[in-house]
Amino acid sequence: MVRELRHCEEHGIAFVPWSPLGGIGGGSAGVGERSPAIGEAARAHGVSPQQVTLAWELSLGERVVPISGAGRPASILDSAGAMTLRLEPAELEAIGTILEG
Ligand SMILES: NC(=O)c1ccc[n+]([C@@H]2O[C@H](COP(=O)([O-])OP(=O)(O)OC[C@H]3O[C@@H](n4cnc5c(N)ncnc54)[C@H](OP(=O)(O)O)[C@@H]3O)[C@@H](O)[C@H]2O)c1
């Protein structure tokens with residue numbers, strides 16, 4: 001994954017994460033449990049794990065364009081908060097370990 005991101009960055013290619021929240025089949029709901037670092041950051045900032053996930057994806061580089069799906073207006077409003085949520089470097093590093101898998 002890191003290699004693909006680097007390739008996109010170097011060649012000016014947009015990277016659109018597939019199912020950025022884990023998908024519409026229930027994957028999104030458990031994102032804070034699957035990655036404890038995401039759950040912890042969400043609690044620390046008082047926001048949803050989904051918002052943290054999108055903020056972290058946005059932090060990966062300006063070529064990374066997460067486009068989450070949503071059926072509920074509340075999800076859209078919540079996710080929009082990811083654009084201004086600033087995660088601490090230590091939080092970004094802890095969440096980033098999921099790229100190593
Ligand atoms: N994955 C594919 O193969 C594929 C292919 C073609 C099209 N699409 C479309 O692309 C869109 C994205 O799908 P995806 O598979 O990539 O799923 P995703 O974006 O990883 O996850 C979408 C799920 O996340 C929930 N969600 C979004 N923002 C949230 C928030 N802030 N808080 C809590 N829950 C939140 C949505 O719930 P609510 O619906 O309850 O708001 C929905 O169940 C969908 O509209 C899908 O139809 C996907």
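Which helix gives the most to the shell around the ligand? That would be H5, with three residues. Keep in mind that this is a predicted model, where local features need pLDDT of at least 70, side-chain atom pairs count only at pLDDT 80 or more, and totals for chains, interfaces and linings use all residues. Residues are numbered from 1 along each chain as its sequence is written.

**Around the ligand**

The ligand has 18 residues around it, and the closest are Leu21, Ser28, Gly69, Gly71 and Ser75. A residue is near the ligand if its C-beta atom, placed from the backbone, lies within 6 Å of it. Helix H4 (49–59) and helix H5 (73–80) each put at least two residues into the shell. Helices here are DSSP runs (H or I, at least four residues), numbered from the N terminus. By type, the shell splits into four nonpolar, 12 polar and two charged residues. For that split, Ala, Val, Leu, Ile, Met, Phe, Trp, Tyr, Cys and Pro count as nonpolar, Asp, Glu, Lys and Arg as charged, and the others, Gly among them, as polar.

**The core and its helices**

Leu21 turns up again in the largest nonpolar core, which has 12 residues, including Val31, Ile38, Val52 and Trp56. H4 gives the most to this core, with four residues. Such a core is a set of buried Ala, Val, Leu, Ile, Met, Phe, Trp, Tyr and Cys residues joined through C-beta atoms within 7 Å. Val31 touches Leu21, Gly22, Ile38, Pro49, Gln50 and Thr53, leaving aside residues up to four places away in sequence; contact means C-beta atoms, placed from the backbone, within 7 Å.

H3 and H4 pack at an angle of about 110°, with their axes 8 Å apart. Axes are lines fitted to C-alpha atoms over the stretch in contact, and angles run from 0 to 180 degrees between N-to-C directions. The two helices are therefore roughly perpendicular, the word used for 65 to 115 degrees.

**Two loop serines**

| Residue | Loop | Other C-beta atoms within 10 Å |
|---|---|---|
| Ser19 | between H1 and H2 | 13, partly exposed |
| Ser68 | between H4 and H5 | 22, buried |

Buried takes 20 or more other C-beta atoms within 10 Å, exposed 12 or fewer, and partly exposed falls in between. Phi of Ser19 is near 45°, a positive value in a residue other than glycine. Most residues other than glycine have a negative phi. Ser68, for its part, touches Pro20, Leu21, Leu54 and Ser79, again not counting residues up to four places away in sequence.

How values were computed: Contact = placed C-beta atoms within 7 Å. Parallel < 35°, antiparallel > 145°, perpendicular 65-115°, else oblique.
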